[in-house]
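Reader: I would like a close look at a single part of this protein, namely its pockets and the residues around them, and then at the helices that pack beside one another. Could you go through it slowly and explain each term as you use it?

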Amino acid sequence: MFLAWNDIKYSKLRYGLVVGVIFLIAYLVFFLTGLAYGLAQTNRSAVDSWKADQIVLSKEANNNLRMSHFPDSLTKDIDADQKAELRQASMTIKGKDNSDVNVNVFAINKNEFLSPKMAKGRLFSKAGEAVFDSSLSKTNDFKIGDKVKVGEGGQVLTIVGFTDNASFNVQPVLYTSKETLDSLVPAANQSEMISAVVTKGKVHQVPEGLEVVSITDFIEELPGYRAQNLTFSFMIGFLIIIAAIVIGIFIYILTLQKKEIFGVLKAQGISNAYLSKMVFAQTFILAVLAVSLGLVLTLISAKVLPATVPFQVNPLFFGVISILMIVIAVFGALFSVLSIVKVDPLRAIG
């Protein structure tokens, strides 16, 4: 470690370039990871907050909540340990700048387990009241007590509270009562229909025409969710490999440039094992320094990004990626070690 650190201090510019390149790649990896995790959460955070085990949908819906509709009367025929009715609708609300904001409206029974955990304010208690996702207070400056226009029909919702992490299919969620949703969507027989029944524990029986879907499968089948995650996973994986290759190439070139020096050291009796440890230690120091700088810049970026950017920090993901980048980079130094072993002291000296 002593020899490795002193060599880095002696050739600051060379190793500074190595750290700079790896730092930029590490920053890109961390940023993409935060963006991928943030996008995934905007797809599923409302569903995660239910802490449910299954969801009962109509068979024709193909696991899509928006396409699922069945009579409310069928709920009594669903035999489950715990169950809660849900009716979903997609619509637009007017922001304070009169812009259209796409939202998901979840109509629930407030005495059932789908009731959101309040971050501020209270739960709806009468028609025309709703609980908004807290992201809307950041992006549109909504406050408790505000009257929000819904669609073009002139209906108005009153904000009585905010809940955290309530988004579905990359759109914020509004929680309200079925009576309120009926007034917003005055379609024939709509009040007698629901979208799903969410359950906890075991589901023992469902009526014909309905199917039970696990929450895990339901989330995986959300439109675009799986494709999005696979795309980001491949991008992040390839970037980690590229970072390892880049640092391996840099260390290998620097090793070749110091071939004569290694020959002198070997002629003085320094073993291949000691020199190999030096190269591994040097690579480890450079990788840790570059990855740490990339992580710090990512955390700073997370603080200054606008609320409209779906960026979230997951300490577990960032920790695993940091370790992977360092381990793979150190493994990439193996080529340099093999070149050191092949150095002939007599030939290298002269």
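Author: When residues are sorted by class, Ala, Val, Leu, Ile, Met, Phe, Trp, Tyr, Cys and Pro count as nonpolar, Asp, Glu, Lys and Arg as charged, and the others, with Gly among them, as polar. The model is predicted, and local features need pLDDT of at least 70 while side-chain atom pairs count only at pLDDT 80 or more, although totals for chains, interfaces and linings use all residues. Residues are numbered from 1 along each chain as its sequence is written, and side-chain values use heavy atoms, with hydrogens and water left out.

A pocket is an open set of points, on a 1 Å grid over the protein atoms alone, where a 1.4 Å probe fits and protein lies on both sides within 12 Å along at least five of seven lines, and its lining residues have an atom within 4 Å of a point. The largest pocket holds about 740 Å³ of space, a volume being the space filled by probe spheres set on the points. It is lined by 29 residues, and those closest to its centre are Thr-42, Ser-135, Ala-307, Val-309 and Pro-310. By class, this lining has 13 nonpolar, 13 polar and 3 charged residues.

Which elements supply at least two residues each to the lining of the largest pocket? They are helix H2 (12-50), strand E4 (100-108), helix H3 (135-139) and strand E10 (171-176), where helices (H or I, at least four residues) and strands (E, at least two) are DSSP runs numbered from the N terminus. H2 gives the most to this lining, with 5 residues.

H2 also appears at the second largest pocket, where the largest share of the lining, 5 residues, comes from it. The volume of this second largest pocket is about 320 Å³, and of the 20 residues that line it, Ser-49, Lys-117, Thr-163, Asp-164 and Asn-165 are the closest to its centre. Two or more residues of the lining are given by H2 and by strand E5 (118-121). The lining divides into 8 nonpolar, 7 polar and 5 charged residues.

Turning to the helices, H8 (residues 272-304) packs with H10 (residues 334-341) at an angle of about 155°, their axes being 9 Å apart. H8 is therefore roughly antiparallel to H10, since angles over 145 degrees earn that name, those under 35 count as roughly parallel, 65 to 115 as roughly perpendicular and the rest as oblique. Their contact (heavy atoms within 4.5 Å) is made by Asn-272, Leu-275, Ser-276, Val-279 and Phe-280 of H8 together with Leu-334, Ser-336, Val-337, Ile-340 and Val-341 of H10. By class, this contact has 7 nonpolar, 3 polar and no charged residues.

Helix H7 (residues 259-267) packs with H8 at an angle of about 140°, with axes 10 Å apart, which means that H7 is oblique to H8. Phe-262, Leu-265 and Lys-266 of H7 make this contact with Asn-272, Leu-275 and Met-278 of H8.

Methods:
Axes are lines fitted to C-alpha atoms, for helices over the stretch in contact, and angles run from 0 to 180 degrees between N-to-C directions.
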